[in-house]
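This report walks a new reader through one structure, from single residues to sheets, helix packing and empty spaces. Please keep the sequence and the model at hand while reading.

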Amino acid sequence: MSDNYRSMWASLGLDLEAHDVLLDVLGKAYQDIYLTQKKRPEGMGYFDFVMSEVHGLRIKELLDEKAAGRKVIGSYCVFVPEEIVLAANATLVGLCSGADFATEDVEKLLPRNTCALIKSSFGFKLGKVCPYLESADMIVGENTCDGKKKAYESFKDLVGNLYVMDLPQVKSEMGKALLRSEYNRFKAAVEVLTGVPVTADSLKTAIRTVNAKRAAIHRLSSLRKADPVPISGLDALLANQVFFYDNPARFTESVNKICDELEKRIHDKLGVFPEKTPRILVSGCPQAVPNWKLPMIVETVGAVIVAEESCVGERGTRNLTDDTGETVDEMMDAIVDRYFQVDCAIFTPNPDRLNHIRDMAADYKVDGVIHYGLQFCQPYLVEAIPVETALEKENIPCLRIETDYSMEDVGQLKTRVEAFVEQLR
Ligand code: BJ8
């Protein structure tokens, strides 16, 4: 990394020594897990570049945008509507939370039995190692699971610019009305932050920009239905992870470019794994950068991940927003309609998720489902049991995994996944 980047990180208040350690670990993990894969599509070169510059060029771009008067908003959840952010001339970035950091300090503020994702969000702040977090003019926390909503009460004191969005827990008319009023409140807060009012024109353009990004990911997902699969689960997960912080137009173009290449691969019957390799659907908690543990295990024991029922995956990206409205109100309604369909396990009851998992298992012709639950994540761990029961009724094998971000259980997980994959053959 150049000296310019070091002064940029210093100006953001990062702890340069700790940040060096993080980049070193991240770089090594990427090298070992990603760059050792065989037969990768050439288009993944773009994502390799993005990852090599994840704290460099992209941060510089954000800071240049800020210097030109644009605001940056950070988010931890797919319920934060990018359409509203873009329409008010701001940029939305996902705050990853996919690695342990500063655990000792984190556990002074949070109980040890808090899920790794929440702990990670605190760790990146306390360790002063996340340039996205430090670039953000507003950080949005959402009242989803109990862990997050209680943690935000302490997080507020750490970051100083936390905006808390309330969210419904029930898919009722009242729940939808709450989402609508919270999205209106959010729109007003973003307008105050940027000084730019959301207009019908800007909202329509923003909806189309985000729809294009989602449509590109849908195209990528549908190509994974082929056998042999033209792209690994690891690479497809990376594209889904980069979705959250890349420039939207550039991301859309890069994903579509990969899709052109994958279509050709499918035509030529070229796969990353041989035909009839056991096909896995991973369902459950989001896997944020650099949490590549499970796909790394699955794809080194002779199976391939063909889809993710996850917020970093199809739960987060499915469904486009209707862009035919003419007024801000009509388009806000369309945004609410689209997001209200997100079937996060914080909703009760949550039958849509079960149906979605069944549909995905059929669409992607999977041989088995791995339910991925983070330790201490009650919504997903509790829901894993009915998911497993429902799948078993349809003779779809399911393996329930409960893990965290440490590498201590890799050997044990590998043994379990290997036995599961053996059973699918
Ligand atoms: S819409 S899944 S991104 S809340 S893993 S913090 S649920 S204890 S992340 Fe999520 Fe939004 Fe839902 Fe999606 Fe809590 Fe579970 Fe931790 Fe979780």
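## Backbone, sheets and spaces

Ser97 is found in the loop between strand E2 and helix H6 (103-109), and although Ser97 is not a glycine, its phi is positive, at about 60°. The model discussed here is predicted, and all angles, distances and volumes in this report are computed from it. Most residues other than glycine have a negative phi, and most peptide bonds are trans.

Two cis peptide bonds belong beside this residue in a list of backbone features. The peptide bond that leads from Asp227 to Pro228 is cis, with omega near 5°, and Pro228 is placed in the loop between helix H11 (200-223) and helix H12 (233-242). The peptide bond that joins Thr348 and Pro349 is cis as well, with omega about -15°, and Pro349 has its place in the loop between helix H16 (328-339) and helix H17 (351-363). The table sets out these features.

| Feature | Angle | Loop |
|---|---|---|
| Ser97, positive phi | about 60° | between E2 and H6 (103-109) |
| Asp227 to Pro228, cis | omega near 5° | between H11 (200-223) and H12 (233-242) |
| Thr348 and Pro349, cis | omega about -15° | between H16 (328-339) and H17 (351-363) |

Strand E2, which precedes the loop of Ser97, belongs to an open sheet of 4 strands with parallel pairing, in the order E2-E1-E3-E4. The edges of this sheet are formed by strand E2 (90-94) and strand E4 (162-165), each of which pairs on one side only. On average, neighbouring strands of this sheet are turned by 30° against each other, with direction ignored. Strand E1 (residues 71-75) runs parallel to E2 and is joined to E2 by 5 bridges, and in this pairing Ile73 stands opposite Leu92 in E2. Helix H4 (residues 57-67) packs on the sheet, where H4 touches E1 and E2, and the direction of H4 makes about 150° with that of E2.

Another open sheet is built from 4 strands in the order E6-E5-E7-E8, again with parallel pairing. Strand E6 (304-309) and strand E8 (398-403) stand at its edges, and each has a single partner strand, so one side of each is left without a neighbour in the sheet. Here the neighbouring strands are turned by 25° against each other on average, direction ignored. Strand E5 (residues 279-284) and E6 run parallel and are joined by 5 bridges, with Arg279 standing opposite Val304 in E6. Helix H14 packs on this sheet and touches E5, E6, strand E7 (368-374) and E8, and its direction makes about 150° with that of E6. Helix H19 (residues 410-424) packs on the sheet too, touching E5, E7 and E8, and the direction of H19 makes about 170° with that of E8.

Two packed helices are described by the angle between their axes and the distance between the axes. For helix H3 (residues 44-52) and helix H13 (residues 248-267), the angle is about 145° and the axes are 9 Å apart. In this contact, Met44, Tyr46 and Phe47 of H3 meet Arg250, Phe251, Ser254, Val255 and Ile258 of H13, a set that divides by class into 6 nonpolar, 1 polar and 1 charged residues.

Rolling a probe the size of a water molecule over the atoms shows where empty space is left. The second largest pocket holds about 660 Å³ of space, and of the 27 residues that line this pocket, Ala29, Ile33, Trp292, Met296 and Met407 are the closest to its centre. Helix H2 (16-33) and helix H14 (293-300) each supply at least two residues of the lining, and H2 gives the most, with 7 residues. By class, the lining of this pocket divides into 16 nonpolar, 6 polar and 5 charged residues.

The structure also holds 4 cavities of 30 Å³ or more, and the largest cavity has a volume of about 190 Å³. Of the 16 residues that line the largest cavity, His55, Cys96, Phe124, Cys130 and Val289 lie nearest its centre. At least two lining residues come from each of H2, helix H7 (116-126) and helix H8 (131-135), and the lining has 13 nonpolar, 3 polar and no charged residues.

Around the ligand there are 16 residues, of which Cys115, Cys145, Cys311, Cys344 and Cys377 come nearest, and this shell is made up of 13 nonpolar, 1 polar and 2 charged residues.

Notes
Residues are numbered from 1 along each chain as its sequence is written. This is a predicted model: local features need pLDDT of at least 70, side-chain atom pairs count only at pLDDT 80 or more; totals for chains, interfaces and linings use all residues. Side-chain values use heavy atoms; hydrogens and water are left out. Two strands pair if DSSP finds at least two bridges between them. Axes are lines fitted to C-alpha atoms, for helices over the stretch in contact, and angles run from 0 to 180 degrees between N-to-C directions. Contact means heavy atoms within 4.5 Å. On a 1 Å grid over the protein atoms alone, a cavity is a set of points where a 1.4 Å probe fits but cannot get out, and a pocket is an open set with protein on both sides within 12 Å along at least five of seven lines; lining residues have an atom within 4 Å of a point. Grid points are joined across faces, edges and corners, and a volume is the space filled by probe spheres set on the points. Ala, Val, Leu, Ile, Met, Phe, Trp, Tyr, Cys and Pro count as nonpolar, Asp, Glu, Lys and Arg as charged, and the others, Gly among them, as polar. A residue is near a molecule or strand if one of its heavy atoms lies within 4 Å of it.
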